Structures are given as structure tokens and as C-alpha cells.
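Visitor: I'm new here, and I'd like to know what stands behind the words people use for a structure. Could you walk me through this one?

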Amino acid sequence: MTESVMIKDAVCSFCGCLCDDINVEVAEGKIQRVRHACRLGSSKIMGHSRMQTPMIRKDGVLQPASFDEAYRRAAEILLAAKKPLLYGWASTSCEAQKKGVLLAEEVGGVIDTTATVCHGPSVIGIEEKGLPGATLGQVKNRADTIVFWGCNPVEAHPRHSLRYSSNSCGRFTEQGRAGRKIVVVDVRETRTAKNADKFVRIDPGCDYEVISALRMLVAGKGDVIVDTVGGALKADLAALAEMLKAARFGAVFFGLGITHSKGRYKNIDNALSLVADLNQHTKFVIMPMRGHYNVGGAGQVLAWSSGYPMSVDYARGAPYFNPGETAACDLLGRADTDAALIVAADPVSNFPRETAAALSKIPVIQIDPYENPTTLLSDVVIPCAIAGVEVEGTAYRMDGLALRLRKMVDSSLPGDEQIIAEIIKNIRELRQKAEGGA
Amino acid sequence: MLATMISGRTLAQGARCESKMAPEFFKAAALCHLSENDIKELNINEGENVLLKSEFGQVVLAAKADSGLPQGMVFIPMGPWANMLVGKDTGGCGTPQFKGVAVDVAATDSPVRSIRDLFSDLGA
Amino acid sequence: MRTVKLSPRAAFSISVEAECITPDRFAPLSLSEIGAQPVWLGNRVMHLSELFMVEGDDCTATAGDVVIQLMGDFSRVKRVGEGMSAGSIEAWGSVGMHAGNNMKGGLFAISGNADDWLAREMRGGKIIVRGDAGNYVGSGYRGEKCGMRGGEIEISGRVGAFLGEHLCGGSIRVQGDAGDFPGAANQGGSIFIGGSTYLPGAEMSKGTITVKGEAKVLPSYQRTEVVELEGEAYQKYAGDLVDGGKGELFVRAL
Amino acid sequence: MKMIIKGGIVYDPANGIFGEEMDLCIDQGRVIEQAGGEVIDARGLLVMPGGVDAHSHIAGKKVNTGRIMRPDDSRLGTEPRSGVCRPSTGYTVPNCYAMGYRYARLGYTTAFEAATPILEARHTHEELAEIPIIDKGALTLFGNNWQVMECVRDKDIPKLAAYVAWGLRSARGYGVKIVNPGGGEAWGFGANVKSHRDNVPGFDVTPAEIIRGLAEANEMLRLPHSIHIHFNNLGKPGNYTTALETLELLKDIKPGRMRQVVHVAHMQFSAYGGTSWRDFESKAPAIADYFNTHSHATMDMGQLLFGSATTMTADAPLEYGNARLTHNKWSNHDIELEESSGVVPMIYFRKMLVNAVQWAIGLELALLVRDPWKTLMTTDHPNGSPFVNYPEVITLLMSRAKREAEMATLHEQLPNRTTLPVIEREMDWTEIAIMTRAAPARILGLTDKGHLGVGADGDVSIYSIRPEDVDAARDHALVKKALSSALYTIKGGVVVAKEGRILAAPEGRTYWVDATVPDADHDRLMPEIEDKFAKYYSVQLSNYAVQDAYLPSSRVIRAGLSVEPAKSARTLAEVA
């Protein structure tokens, strides 16, 4: 066994925590062991069985093909489409995302990220109210009161509490967990709720009303409130309001519990106002628990390139943004797209059934390291190297902090960025050939 | 039995979501969490199958007891099985309503469909 | 009076964007010039006449004298009537998203249904829909403080969510039900809902919302007296108090 | 690519050329004695070096937050991709491509990002690299930094200098930016400092000490630029005393290079009198008097124009106040151990007395400070107004008639709150060339920029204005039109824009400063830094610094030990 190399302080590319203290042992070009990562991170870094060769569907069956054939076929599909959808992007590097924006411009397509089935509503809420936030280290060093609203970090962001929130220690929070009040507001008692000091159970779809009640209580106008709101007792909400006002530094972390429920972005809109109101009494910040490790980066890249963080329609040559019209689920749900490129995502699994079914009626190109249900409906499948493990690049943490992803091991497969660059090259060649008539 | 369905991340589902075609993902995601009382009301044992129907579709899943759930609420790990019950409408903001879906739950002895079978009717 | 008739040559799958279909744009143009107007089918720019049959009077006229008749299914044709200031459009069937957005005057009558963002950022004029309408009727654009500022919208059927969001002026009347959050951030328009709805007037600061059916009311609204409107008893609420709002909400007392 | 610009009326004040007809030759991107090659006919036309914007928010977290929270702004100014141009969007917060194209159309070829926290510099550099055409750099924030405050508290300037050098290298930054020193740290618990003498809670040090310590460290390192300061109490009525007292603090600091020892950012926002918004008035005369009688300080205007803006600053408590005052959407972003920041959309109204006075103060400052080398023309883009409105500011400075026409449309109380109505001065092309080219380059320490001497970068702007025939005071509308769309903009010897059309979009370079310090000071510093990463930061030390990959094209400026000290500590006065 050749001697192993220990990569220290590598960045984990699974969830929005983007933990950067991961140690990875590599020997014989393979990852042998992962230390400090949680179960999600180590499963990502250790990896799973991979697709190795490109495939193109012929006579209804996916058959092996060369990379060049796959690039060419992908280019043909995208060029022929009147409104291709370029979807995913959240689990690859910013460098690949930048090429994705260029591709969307070249083919006059719509580029959208997995945010539209995740924290898309949070973005729309921020467009209404702004985001009073901070970096995770500010919470670690100062927060004595933390609210987890509609999120379950114990299962979705396992190291969040130790590195950044409940159990973290900093300059003004030396006691760590003991010096903090942890509150969970959710429709069910999750494992995160079981560790909390206070659990407020509310009825599904009632987040907006409960937040409005809290805002009234925080503003001292509680007398208008009836005895229960959204399944929560007024007394519990009043106690919670007082606890929040008594904080020295409060932080609200919110998740898909409020973005996926009735009200969608209005829930976040109201939560942002609650935190803004609380700043008249004490210091409060709020932060979305972003799921995929680089959905934040996709939003940043799209914003500085097109002016908008998701759902950007380049069909008419200039970016146009309107979730509800230009989001992936709208286009597929209304059969308003005639080809799809899926990068580092699995919409066939993660979209509503009828939306996913629309993908079976149009040509689909998939770029992904792993086979998944989207592969079953794909016409061109291009296996790729894994960003953050086999390709270096940039990713943005849930608090918007940019970090450098390491390359831990080599891969014989091209990275997302390289694949998209090849597809763009083919598109330009095909276009020249068509225009030149040569 | 009428109930409200919510879908979401679990640790096991997350650890397997990049190898969805493997049996471990099936075990982690093809589940329906119910409160103890609801399991009693359906008079089934944990591990037996339930049929869930919503306005948009239906799916068969193995029942799992979850003490954190209130009566009348079921939880399904996010993924293809849960999304059989979710509607395509996004209410004008691009995001489907993955949580708070009205469902009817009944005991069944139909089998839980494998992930490949789930998509077989889509020409997969 | 000059009439121009448009009818789709085929059913559209990919949506069409046709903001050129307005009395203002057609008024000074001959039929062939109208036919040459650009429309977009996804990322392809085409002539109007390639996607629609263009018939009617060939003489030019002022915008106020132009009647555009949309024959057939326009449900996937977006931005029809954008920014129109005079004249009228009669849709015999349904119309697509953003119909009548930024309208300043004139009449837009729709016999069928209207899709989302009907009359977005409307300034003036009148829109009548005999069928249903989608989400965001008379609303603003993402991130804007002000949406509809004037004009009248009358809808016989039901509407989707976020009716009149960021309303700054003008009136909306809906006979049927309305989806979630009608009149959110209302700053001074009036909304009438004949059917039922859910959480009207979120963060309303001014203006009125009347709900003839049932409505779940926000906890930050204060019941005041019961009043009579058009012979019916309504419970009046003041709010949204969450931001010191001075709006009025009337929900029919059962 | 060789080029000769023939017969232009050249304004190159740094080389003593004030409107001389002459030819300019450029080869391989630099100005040379003579050359053949492409001929550009500039006979009788106004020719100046490429514009230099020394203070603008063009890249990084705050700018992108402005874009994300303002789709209502992004949809303005939308242009589809065409020719070499990718799509443009936005008015107050343009996308990266529009940033480069619009500066080029104005004849600007260099712009500096005004404020970057070290921890988030990677993001800033990703956006800087995406902005086409212009050369650029980023100022690095130090005013609320825990390590800085501890060094100042311990009065250990050499260790502070070592940290500033380490911070600049980690952030690949260009200069030391100080914003509401101490206030950002207090905002960590929702408070602020009341003045520059107020103690920073938890750190036992005052803003005055932070400012002075950083100024000394800056000069010890002989950095190309001086400290660049945003005063405490910015934006508050009566804050002009804070400005004057802070400037007075720095009077005796010896400059490490032949330049100012402090540059004041957007002076307008700190030249306020009165006790509240009701009796708010201009104190520009008092501020201008100080600049006229001292030579250790320079400033930039921070001019406000009516209409839409997006305020964004590392002064987070100021932005929270803005949001509450205007009921606008509010973004805040605290950065652990280093800084705070906020973003709030804003609209300035002609009929609001406060906005009218703010508008007047910017112009008053520029017109009352006699030496144009001390006053840069900026709008603190996009806080006062987007940079696309620079021609409006220039023509206001050049034409009293225009000022009077504008004042006639403003709040009628204006004359009681500002001396602008009685100011007759009208700037000429030499002064404008100084305030927008020569002075920003000198103040930043960019030796290759802002002038057309041999060896300078081949950055030239040519406008279809005949300086000899046009009376800028009378024909201000014509001048504004010509300045808004340069006839030619040449960047590094390449014609990048012609009559408003972008012809080429080469990649610009990013300037950053590599200052070397004595090993002993560095070695004393590092244990304290390692301790902070072990205990307080949420990232590992090894992942902190910006990697080479983020600077595809850079120009490193040496400083510290690798630069011998200025022979005699001459102040600006002796140089001018």
C-alpha cells in the first residue's frame, strides 16, 4: 500500500454548512477515510458507484457513446429548441455555473436553479423586504437566543449546531449551549425540537398568521390577538415574544417548513419583517438554511451575470425574471419548454410527479456523476467528475461566504465546466455551419 | 382516514440521495411516518403498507411510527414517492406546495413500487 | 371605427409573446404592416402574420377608434394589450399572462379566462373578464413597492392568489372566490370579492377590501363594528395593525 | 497594436498639459514617443486620459445583495446581448457586464471597489474578474477588525502594520478602508459609537485611536494609497464637527510617500450642520476652509443627484436608520470579527428640502475647495447616484447657469441652508481633467494611470467637444451629451468604445498591494491570528486567503520593506 496523503481542512460539498475542517485520507488515488464530516458529508466524499461512459438514446434505448458524440448531440438538441430549460446548478462549482449562464445566452434558454423547489420563496421574500443577516461566525460569537423555524438541522445540517449555532462557543458565548436559549417552531416534534429549550407546535400552513401574532406581541399590541393562533396558544406566543426581546443577540434560522407551505414567500416576507421589528428592541438576524452546498453560489453567479438570482429567461436575448412564469416547475408544468439540460440535479425525483412527467415528452440532456431517475428519462447522459472532490472551484455557504473547493483525487472524467464549454463550442460550430451554409 | 402530508429531509434519505437507484435509498425514502394513534386507527402494524391518495396522485408506502407527529399528520421523506402526491401548481411563485397536502390514508396489501417501476409508465 | 381580427393559425405549445397587439401600435399601420409586427415564439422572433391570420379594415385610424378582436384561443399568447392607452380589445376566448399590463386607457374585454398577472401595474382603462383569472391580478412586478395605480378590473369568475398585491389605486371587483392573500400590501385601492378567500389585506396600510363570502382573517386585524353594505351586514375590521395600517376590511357577517 | 491620435486638444494636467494640440502615440498598450499604425483623427477635439473612479461600489457582497433584493432595478436598463457585448441590466445596481460597458462609454478605464471585508474578498474578486474592459482594485476594510483594535489598544504599530500587510495580501486588496470605525463592532450587539472619542464596547479603544493607528501603520508600510475614511456619524445632522476633529487628529502624521495621509470618502455625507432634519443645513464652507488651509487630506465629493439610488455601506447602523426613516426594504450583513454592512434602496426628491441641501453640499464642497487636486468627482456610486450620471455632475461644476436652472426646480428654502446660489466659480477642462483623471490616480498611487506621459498606460478618452469653440458654461446640454458617450474610448491601446458602441471587451487587470514587513513583527502577529481562527472564526485559517485562481490578470504593487522610504517627508503642498 503506497503511503497515504492526508488532505487537511478540505471543504465538504454536501450541504449549505460547507464545513471546511474536513480531513481526507487519500491512497492509491482513492479516498480511504473521511474525518470530521457528518454522515451526509462522508457519504458524499466517499462517493457511490458512478456512471462512466456517455450514453445517447437510440430507438428508445440509452446506448454507450463517445464524449464528442454526446457533446454534439446535446448541442443539436439545445440549438433546435425554441425555449430550452437549463436546470439544476446547485451541486456544482461557480465556475461551471458561469459557463451555464453563457450557454443560456447562446441558446436563448431559461436558466434556473434548484432554489425554485427549495428557498426560491425566500428569494422572493428578500425582494420584498431585504435580508437582515450576518455570517455564521457572528452567530457563533454572539447569539444567546436561536430560533429554528420550520427546519430540522439535526437531520439536514448535522454539524450546524456544533460549528455555528446551538452548541458553538465564541468570544461572547464561552458557555456554548448552556448559555443559550434554543427555540423550535414546527408542525411536528423533530429531533431538533427534542433538543430545544422551547418547542412551539403550530398547525401546517399557519406560519404567516403566527408570525403576524408574534409581530403584534413584540410591538406591545398583543391585546388584539385571540387566544389561539395557528394552533399555538397566545400565552406561548407571548412568552416567546418576550424571550426574543430579552435576547442580547438573536438569530432566526428558517427552512423548507415555511417555503414549501401555504403562503410560500409571504411567510418569509413576514419573518423578515418580524426580525426587522425585533431590531427596534435588540440585535436580531435571520438566515435561510440553504440545502445544496452551492445553491447559494448559483444565486450569486446568476445575480452578478444577469441581475437576478434564479429563473432567468434569456429567450429574447436579455435576462427576464419572473418566478411563477420563468421557473422550471412553471415551464414544465405548462409544457412551455421543448428541451432540458439537467446539471447536477434530479428533477424527476424532486419535482411533483406531473411536472417530472413533462420531461418524458421533451429531449433531456443530463450531466451528473450518478445514475438517478432523471437518467431514466434522459436522451443524452454525460457522466462528469465531482466538483469539490475531483475538481476544484468555488462554492458559497448558506450565509453567502465564498470558499475554495479542493480537488482531492483525480478523475478520468471531465468536470461540469469543461463539458458545458465543449457543448458551447459545438453550438458555435453548428451555428456557423448553418449560417455559412458550408 | 384524512390527514395532512408533509415531505422533508431525513438523515438516512440525505445520505443516500446521490445513489437513488440503490436499495438503501428505497429503504430510506419509501416510507410513510405516522403517529402511533393513526397507526392504531388504521389497525396495521409498523412496517405494513399504507395507500395514500391526494388530489394529484397516489402511492403505496411502508408505515413507520413517529412519536413526533401529531395525529392527522403524515411525513414522507422528500423524493419520488412523496412527490407522487404533490400537485404541479406553484401558486404563481415557481415553487410547488410540498407540505400541507390533503391526503386519504388507508391500509393496503399492495406492494411498494421500486424506483424504476415508479417511472416505468413514463417510458423509462 | 376600425376593426382588426386576429386568429391563431395553430395551437401553441411554447408560449408566444405579442406585446405589439395593442390599438396604439395597430392604429397607424396597414394590415400588411400589422402582419409584419414582431412577435416572439420562445427564442424565435417572427412576424405576427406567421402565427396569426390578420384580417379587418385596412384604413388607418386613431388608437381610440381601433377595435382588435382576438378570435380563438389566446391562452398561451402573453402581454397582449401591454401599455394600451385607448381603443379596445375583445378576446372571444382566453388570453395569456400579463394581458393588459401597464394599461393606461381603453377597454380590454375577455370572454374566456385570463392567465396570471392580468393588468399588472395598470394605470387606467378598464378590463372585463367573463371567465376566471389567474394569480397576481392587478399586482406589481417583483420587488416594486407599487403595483396597480388606477383603472378598473371586473372579473365574473374566480381568481388565483395575490390579487392586487401592492395595490396603490384603482378598483378590482371579483364575483367568485379569490385565492390566498388578496390585497397584500394594499396602499390605497379597493378590492371587492364576491366569494370566499384566505387572509386578505396582509400588511395593508390603506384602502378597502370587501369579502362577501368567508375569509380567514389575520390575528393582527381588529374587529370594529358591523356595517351594512348594499343591503348586507358586514363585520368591519381595522388593520393591518402589524405595521400601524389604516386599511378597512369588510367580511360578510354570517 | 500601434496607434496615433492626431491633433487632439489634450488635457494631461499631471504632465503640465492644459489643452495643447498634440499627437499621442500608443504601442503595446503604453504611451510612447512616436509610432505609426492606426490613425485616429481627433483634430480640435477634447482628449483626456481614461477616467479613473477612485470610490465606487462595483463588486462584492453588498453590490450583489443590491441586485438580488432589487429585481425592480435590474429590469431597468436592460439591453440584449449584441456584438461583443453580453446582456446588460440594472440602473443603480448594474450587472457586471453593464458595469464595464457603461464605464467604457463614459471614457472611464479604471474603477476601484470602495469596501471589501477580508473574509468576503473572494466574492469581490469573482465579480471584479467578471467586469470587462476596466482595470480595477478593491479597498480592504480594517476599521472594525478585532485584530486591528487589539493592536491599537496595545499601541503596537509595527504589529498592526504586519497585520495590515497580511490582511491586504489575504484579501488581495489595494488600500486601507476605514468605515465608521468602532461603530460596526458595536452594531454586533445593535449599538453604535456616538463619536470618534466614544469607547468601543468590549475593546477598550476609541475610533480616534483606531484611525490614527491605521494611518501610522499605512505610512509605516509606505502603501501607494493613504487611509481612505468614512467618518463616524456619517449622514447625521451636525456631523461636520466629527469630520473636522478627525482630520485634525491626523495633521502630524508623516506620509510614507508623496501624497496625502488621509483621503475622505464621499465628503458630502459628513458636511452636515443643524441639530435635526428640520434645521439641517450645509457646513461645506467650514469643511472647504479646512481643506484650503491644510494639505494632509484629500476628499471625494459623494455627489447626490435626484432620482433612484441604492445606498450600500459598511456603516450598518446608518443603513438601519435609513430603512426605518424611509420604510424601505433593508438588508444587513455583519461579518464576524471584521465589519458590518447594510443595503437600502433610496429615492432623492427635488421637493424634499433635505435632499435638495444634500445635492447642494456636494457641489459647494467641490467649488469652495480651491485646489482641484484635493477633490475627486464621485457620486459614491450607487449611494448618491449611479456613475452613468457623472456627466450631469461635471456640467453642474462647469456651468453656473445650469446650477441656477436646477435650483429653480428645488425646494424654495434651499438658499437659506447653503451658499451654493452665490457661488460663481465655473470649472474649466483642466480642473475637470484633474478631478476625474490626474488626482484620483495620484491619490490612489497609480503611477501608470490618469496621465498621458511616456510609459503611461495607453488609456485615452476622446469626446466630440471642441474645447476651443464650446463655452461649457453656456452649452452645458451639448457638453453633457458629448461626455455621456465618448467618441473614442481607448484602453491599453485598444479602441474599446466608439460613439457609445462597445467594439472590444478585453479583460481588465486587478491591482493589489504586496507589502513586506520585518519577520519579527510577522512572527509576533501570527500566533494571535491562529488563536482567533481556532476560537472565533467560522472558517479555517488555511481557507481564508484569496487564492491565485481568483486573479486571472493582476498587477502587484510592492510596498513595505521592498520600497525605500520617501526621501524627505514632503507634504502635498510642496509637491503641487
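Guide: Happy to. One thing up front: this is a predicted model. Let's start with chain B, where buried residues make up 50% of the 124 residues.

Visitor: What makes a residue in chain B count as buried?

Guide: A count of its surroundings: a residue is buried if 20 or more other C-beta atoms lie within 10 Å of its own. In chain B, 50% of the 124 residues pass that test.

Visitor: And how do you know whether chain B agrees with a compact globule?

Guide: You set its radius of gyration against the rule. For 124 residues a compact globule would come out near 14 Å, and chain B has 14 Å, so the two agree. The C-alpha trace of chain B spans about 35 × 35 × 30 Å along its principal axes.

Visitor: Which elements is chain B built from, and in what order do they run?

Guide: Chain B has 4 helices and 6 strands. Starting at the N terminus, the order is β-α-α-β-α-β-β-β-β-α. As for its contacts between residues at least 6 apart in sequence, 72% join residues at least 24 apart.

Visitor: On to chain D. What makes chain D as compact as a globular protein of its length?

Guide: Chain D holds 18 helices and 24 strands. Its radius of gyration is 22 Å, and the globule rule gives 25 Å for 576 residues; those values are close, so chain D is as compact as a globular protein of that length. Its C-alpha trace spans about 65 × 55 × 50 Å along the principal axes.

Visitor: How much of chain D is buried?

Guide: Buried residues account for 63% of its 576 residues. Of the contacts in chain D between residues at least 6 apart in sequence, 78% join residues at least 24 apart.

Visitor: Why is helix 13 of chain D called largely enclosed?

Guide: Count its residues. Helix 13 covers residues 390-398 of chain D, and 7 of the 9 are buried, so the rest of the structure largely encloses it. The buried ones are Tyr390(D), Val393(D), Ile394(D), Thr395(D), Leu396(D), Leu397(D) and Met398(D).

Visitor: What covers those buried residues of helix 13 of chain D?

Guide: Other helices of chain D are part of the cover, including helix 3 (96-106), helix 12 (353-368) and helix 14 (400-408). Helix 15 (429-444) and helix 16 (476-484) of chain D also belong to it.

Visitor: What about strand 6 of chain C: why is that strand called largely enclosed?

Guide: The reasoning is a count again. Strand 6 takes in residues 66-70 of chain C, and 4 of the 5 are buried, so the rest of the structure largely encloses it.

Visitor: How do you know which strands pair with strand 6 of chain C?

Guide: Two strands pair if there are at least two bridges between them. Strand 1 (residues 2-8) of chain C and strand 6 share 5 bridges, in the parallel sense, and Lys5(C) stands opposite Gln69(C). Strand 6 is also joined to strand 8 (residues 88-91) of chain C by 4 bridges, again parallel, with Leu70(C) opposite Ala91(C). Set against the cut-off, 5 bridges and 4 bridges both qualify as pairing.

Visitor: How do you know that chain A and chain D touch?

Guide: Residues are in contact if their C-beta atoms lie within 7 Å, and 54 residues of chain A are in contact with 46 residues of chain D. Elements giving two or more residues to chain A's side include helix 3 (94-107), helix 4 (120-129) and strand 8 (132-134) of chain A. By class, that side has 22 nonpolar, 17 polar and 15 charged residues.

Visitor: What makes strand 8 of chain A a partner of strand 16 of chain D?

Guide: Bridges once more: 3 of them join strand 8 of chain A to strand 16 (residues 331-334) of chain D, running parallel. Pro132(A) stands opposite Asn332(D) there.

Visitor: Last one: which residues have the most contacts inside the largest nonpolar core?

Guide: Ala271(A), Val47(D) and Leu365(D), in a core of 457 residues. Leaving aside neighbours within four places in sequence, the contacts of Ala271(A) include Trp149(A), Ile211(A) and Phe254(A).

Notes
Residues are numbered from 1 along each chain as its sequence is written. Chains are lettered from A and ligands numbered from 1 in the order in which they are written. This is a predicted model: local features need pLDDT of at least 70, side-chain atom pairs count only at pLDDT 80 or more; totals for chains, interfaces and linings use all residues. The radius of gyration is taken over C-alpha atoms; the globule rule is 2.2 Å times the number of residues to the power 0.38. A residue is buried if 20 or more other C-beta atoms lie within 10 Å of its own, exposed if 12 or fewer, and partly exposed in between; C-beta atoms are placed from the backbone. Two residues are in contact if their C-beta atoms, placed from the backbone, lie within 7 Å. A nonpolar core is a set of buried Ala, Val, Leu, Ile, Met, Phe, Trp, Tyr and Cys residues joined through C-beta atoms within 7 Å. Ala, Val, Leu, Ile, Met, Phe, Trp, Tyr, Cys and Pro count as nonpolar, Asp, Glu, Lys and Arg as charged, and the others, Gly among them, as polar.
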